[in-house]
Every structure is written in structure tokens, then in C-alpha cells.
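Q: I have a model open here and would like to talk it through before I set anything up. Can we start with the charges and then move on to the rest?

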Amino acid sequence: MENTQHIRRPRIVVIGSCNTDMVVKANRLPVPGETILGGTFYMNPGGKGANQAIAAARLGAEVTFVSKIGYDLFDLQALEIYKLENINTEFVCTDQKNPSGVALISVDSFGENCIIVASGANLSLSPENIDKAKDKILQADIVLMQLEVPLEMVEYATTIAYENGKKLY
């Protein structure tokens with residue numbers, strides 16, 4: 001007899017950062033003031049929030065991502081990737097004034113790295129953005145956050161989730 005029982009996928013709301021990672025691999029990292037020639041260059045969607053949203057979606061969760069992106073090619077490209085990963089992006093808001101978040105990453109042959117993050121639009125995530133996703137937060141099994149958006153927004157979302165008995169990570 002076939003098992004036709006449907007198992008509901010966990011619902012996860014990720015509230016966090018969206019960056020574009022620009023990675024250059026080199027034999028070694030430069031010292032301050034030095035310019036060296038690098039090797040391979042990669043440009044990938046990144047940010048701790050986006051990375052966790054993608055990971056959760058790939059593991060089979062129903063993921064809603066709450067974030068802020070700039071109005072430029074970097075995060076418009078990332079938005080397409082999130083859609084391909086079956087992430088609900090209806091609460092990824094566009095900031096018309098601030099650029100997308102970017103991370104400049106140098107990686108040496110041993111895997112050591114140096115990272116500089118320009119947070120851009122991530123820092124303009126607001127209570128209004130979180131309020132728009134409140135129904136999804138209330139339906140979630142888990143609310144997942146990081147500290148690459150304003151701490152006040154993490155506290156705000158934590159209050160909503162906690163008062164409604166949601167698991168927070």
C-alpha cells in the first residue's frame with residue numbers, strides 16, 4: 001500500500017542581510033599598502049541572511065526572506081537567484097537611496113581570507129519592513145536572524161516572534 005500522507009515542510013522566516021560577495025583568490029594576502037596580482041574572481045550572492053535562506057531552502061524548508069536590497073544590478077541579480085532557490089522574496093524590499101550591500105573578499109592558497117563589508121541597504125531595514133512580513137512570522141515554525149542588519153530590527157523582530165511563541169535562532 002502506498003503512503004500518501006503529506007509531510008508539511010518546515011516554515012522558516014529569515015530576517016537578515018543580502019550582499020554581493022566579490023571574491024579574488026591569490027597565492028597570498030597583501031600586506032597593508034601592497035598591491036598583488038590575484039587569480040580567479042567570483043561574484044556570488046552572499047550575506048549571512050541570504051546564505052541561511054538559501055541553505056534552509058535547499059534542505060527542504062519553506063523559506064520567506066525579509067531583507068533590504070539596493071536598486072542596482074548586484075541585488076537584482078541576487079533576487080533572481082533567490083527565486084530560483086524557491087525562496088519567497090515578497091518581503092525583500094528595495095531601497096531607492098542606498099546601494100546594495102557588498103563584501104570584498106580576498107582568499108589565499110591556504111583558505112585564509114580578509115573581508116570588508118559595505119552594508120549599504122541592509123542598514124535601512126525598518127520596522128515597517130518587518131511588519132509587512134508579520135503574518136509570515138506568525139505562521140513560521142522558526143524565525144532565523146543574524147547581526148548584519150540593525151540590532152534594533154533584530155530586537156523588534158525578536159519581540160514579535162517571542163510574544164507569539166515562535167522559535168528563534
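A: Gladly, and please keep in mind that this is a predicted model. The protein chain carries 15 positive and 20 negative side chains, and the centres of these two sets lie 4 Å apart.

Q: How many salt bridges does the structure hold?

A: There are five salt bridges in the structure. One of them joins the side chains of Glu62 and Arg11, with a distance of 4.0 Å from N to O. That pair links distant parts of the chain, since Glu62 belongs to strand β4 (residues 62-70) and Arg11 to strand β1 (residues 11-15), and the two are 51 residues apart.

Q: Are those two buried or exposed, or somewhere in between?

A: Glu62 counts as partly exposed, because its relative accessibility of 33% falls between the limits of 20% for buried and 50% for exposed. Arg11 is also partly exposed, and its relative accessible area is 28%.

Q: Which residue does Arg58 pair with?

A: Arg58 forms a salt bridge with Glu85, and the closest N and O atoms of the pair are 2.7 Å apart. Arg58 sits in helix α1 (residues 48-58) while Glu85 is in the loop between α2 (73-84) and β5 (88-95), so the bridge ties together parts of the chain that are 27 residues apart in sequence.

Q: And the exposure of each partner there, what does it come to?

A: Arg58 counts as exposed at 60% relative accessibility, whereas Glu85 is buried, with a relative accessible area of 19%. The value for Glu85 is under the 20% cut-off, which is why the residue is classed as buried.

Q: What about Glu34, which residue does it bridge to?

A: Glu34 forms a salt bridge with Arg28, and the closest N and O atoms are 2.5 Å apart. Glu34 is partly exposed with a relative accessible area of 28%, and Arg28 counts as partly exposed as well, at 42% relative accessibility.

Q: Changing topic, which residues form the nonpolar patch on the surface?

A: The patch is formed by Val24, Phe41 and Met43, which together have about 250 Å² of accessible area. Met43 is placed in strand β3 (residues 41-46), and this residue is partly exposed, with a relative accessible area of 36%. Patch members need over 30% relative accessible area, so Met43, at 36%, meets that condition.

Q: Now the overall fold: how many helices and strands are there?

A: The secondary structure of the protein chain comes to five helices and nine strands, and along the sequence these follow the pattern β-β-β-α-β-α-β-β-β-α-α-β-α-β. Of the contacts with a separation of 6 or more, 72% are between residues 24 or more positions apart.

Q: What are the dimensions, and how much surface does the chain expose?

A: The C-alpha trace spans about 60 × 45 × 25 Å along its principal axes. The protein chain exposes about 10,100 Å², of which carbon and sulfur atoms supply 55%, and 43% of its 169 residues count as buried.

Q: Last one, where does Glu163 lie?

A: Glu163 lies in helix α5 (residues 151-163), and this residue is exposed, with a relative accessible area of 62%. The C-alpha atoms of Glu163 and Leu138 are separated by 9.9 Å, the two residues being 25 residues apart along the chain.

Note on methods:
Residues numbered from 1 in each chain as written. Predicted model: local features only at pLDDT ≥ 70, side-chain atom pairs only at ≥ 80, totals over all residues. Heavy atoms only, no water. Patch = residues over 30% accessible without salt bridge, like charges linked within 9 Å, V, L, I, M, F, W, Y side chains within 5 Å. Areas by Shrake-Rupley, 256 points an atom, 1.4 Å probe, with all protein chains shown as cover. Helix = DSSP H or I, 4+ residues; strand = E, 2+ residues; numbered from the N terminus. Buried < 20%, exposed > 50% of the residue type's maximum accessible area, 1.4 Å probe, protein only. Contact = heavy atoms within 4.5 Å. Lys, Arg positive; Asp, Glu negative; His and termini not counted. Charge placed at Lys NZ, Arg CZ, Asp CG, Glu CD.
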